[in-house]
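Trainee: I am new to reading protein models. Could you take me through one part of this one closely, please?

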Amino acid sequence: MSEHLTHLDILKKSTEYLTKKGVPNSKCDVEWMISHVTKKKKLELYLEYGNFVKEKDINEIRQCIIKRGKRIPLQHIIGKVNFAGYELKCDKRALIPRPETEYFTELINERIAFGYKGKILDFGTGSGAIIITLCMENKNCKGFGMDKSSNALSLAKENIQLHNLKNIELQNFDWSTDNLNSSYGVIVSNPPYLTNNEWNCAEPEVKVFDPKLALVSQENGLSDIHYIIDHAKKNLIKDGLLALEIGIGQKEIITKYMNDKFSKIEVVKDFCHRERYIFAYKK
């Protein structure tokens with residue numbers, strides 16, 4: 001890149017470079033990085049594509065492009081992610097929140113009704129994306145984010161402070177060994193559910209930069225889900241909601257494991273028509 005480059009020049013050259021590196025959605029990623037560095041909205045970039053970019057911005061954009069070419073996730077490069085309309089800090093301390101999980105929060109809100117005032121537990125809270133979104137949209141509820149990763153909890157704490165939320169408590173908790181000592185109206189989780197084989201086939205952005213602990217579970221990806229269901233059987237109130245994200249081909253086993261203590265079990269597909277979400281109510 002030279003010092004005499006327009007937004008359009010940078011977009012074309014950078015997109016070509018990242019495409020050769022095998023980066024998916026290269027053009028969109030470049031737009032985000034240019035927007036991040038120049039502090040301009042993406043719409044503004046389209047209106048100013050013929051304008052020259054400042055040299056210091058060109059150098060910073062170049063460094064971002066180089067990092068992305070090494071398959072460092074876009075969200076780690078810009079240090080944030082937009083999730084359900086809320087900005088969250090994002091780095092290697094926790095799993096990057098996905099659009100599928102964003103949709104998950106919408107589905108949960110549809111089932112508890114906006115303005116919910118009860119207690120919501122988010123198992124494996126990670127960056128705090130789910131519990132923050134639910135508590136932002138249900139101001140009178142009481143949220144609890146639990147995770148066994150102290151790194152994840154430190155990131156979740158920063159995100160809670162970013163939005164000045166007072167109705168969320170964080171706790172270090174290992175669902176495989178620790179016991180809950182309270183009851184909840186809603187328990188939600190996007191738990192680890194990948195098998196080791198699925199992990200080995202994942203993109204570099206996932207294998208290298210996402211915590212394996214947050215993605216891979218034993219017993220063909222089912223071990224952690226079973227632990228969560230066991231806690232929900234004991235600690236959900238009557239008619240309380242259990243909401244889970246699940247992996248490919250896990251529906252039958254999970255619904256069967258739930259059947260003795262839950263009713264109105266519902267499996268919902270994501271935007272790619274994959275059976276990803278399970279909702280059930282405590283008998």
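**Helix α1 and its partners**

Mentor: Happily! Let's begin with how α1 passes α4: the crossing is right-handed, a word used when the near helix is turned clockwise from the far one by less than a right angle, while anticlockwise would be left-handed. Before going on, note that this is a predicted model, in which local features need pLDDT of at least 70 and side-chain atom pairs count only at pLDDT 80 or more, while totals for chains, interfaces and linings use all residues. Residues are numbered from 1 along each chain as its sequence is written, and side-chain values use heavy atoms, with hydrogens and water left out.

Helices here are DSSP runs of H or I with at least four residues, strands are E runs of at least two, and both are numbered from the N terminus. Helix α1 covers residues 7-20 and helix α4 residues 55-69; their axes come within 10 Å and cross at roughly 20°. Axes are lines fitted to C-alpha atoms, for helices over the stretch in contact, and angles run from 0 to 180 degrees between N-to-C directions. α1 and α4 are therefore roughly parallel to each other, since angles under 35 degrees count as roughly parallel, over 145 as roughly antiparallel, 65 to 115 as roughly perpendicular and the rest as oblique.

Which residues of α1 and α4 meet? From α1 come I10, S14, Y17 and L18, and from α4 come I58, I61, I65, I66, R68 and G69. Seven residues of this contact are nonpolar, two are polar and one is charged. Here Ala, Val, Leu, Ile, Met, Phe, Trp, Tyr, Cys and Pro count as nonpolar, Asp, Glu, Lys and Arg as charged, and the others, Gly among them, as polar. Contact means heavy atoms within 4.5 Å.

Now turn to α2, residues 26-38. The axes of α1 and α2 are 9 Å apart, and the helices pack at an angle of about 135°, so α1 and α2 are oblique to each other. This crossing of α1 with α2 is right-handed. On the α1 side, H7, I10, L11, S14, T15, L18 and T19 take part, and they meet S26, K27, V30, E31, M33, I34 and T38 of α2. By class, the contact of α1 with α2 has six nonpolar, six polar and two charged residues.

Finally, the wider setting: the protein has 13 helices and nine strands. Of its 283 residues, 51% count as buried, meaning under 20% relative accessible area, with exposed over 50% and partly exposed in between (1.4 Å probe, protein chains only).
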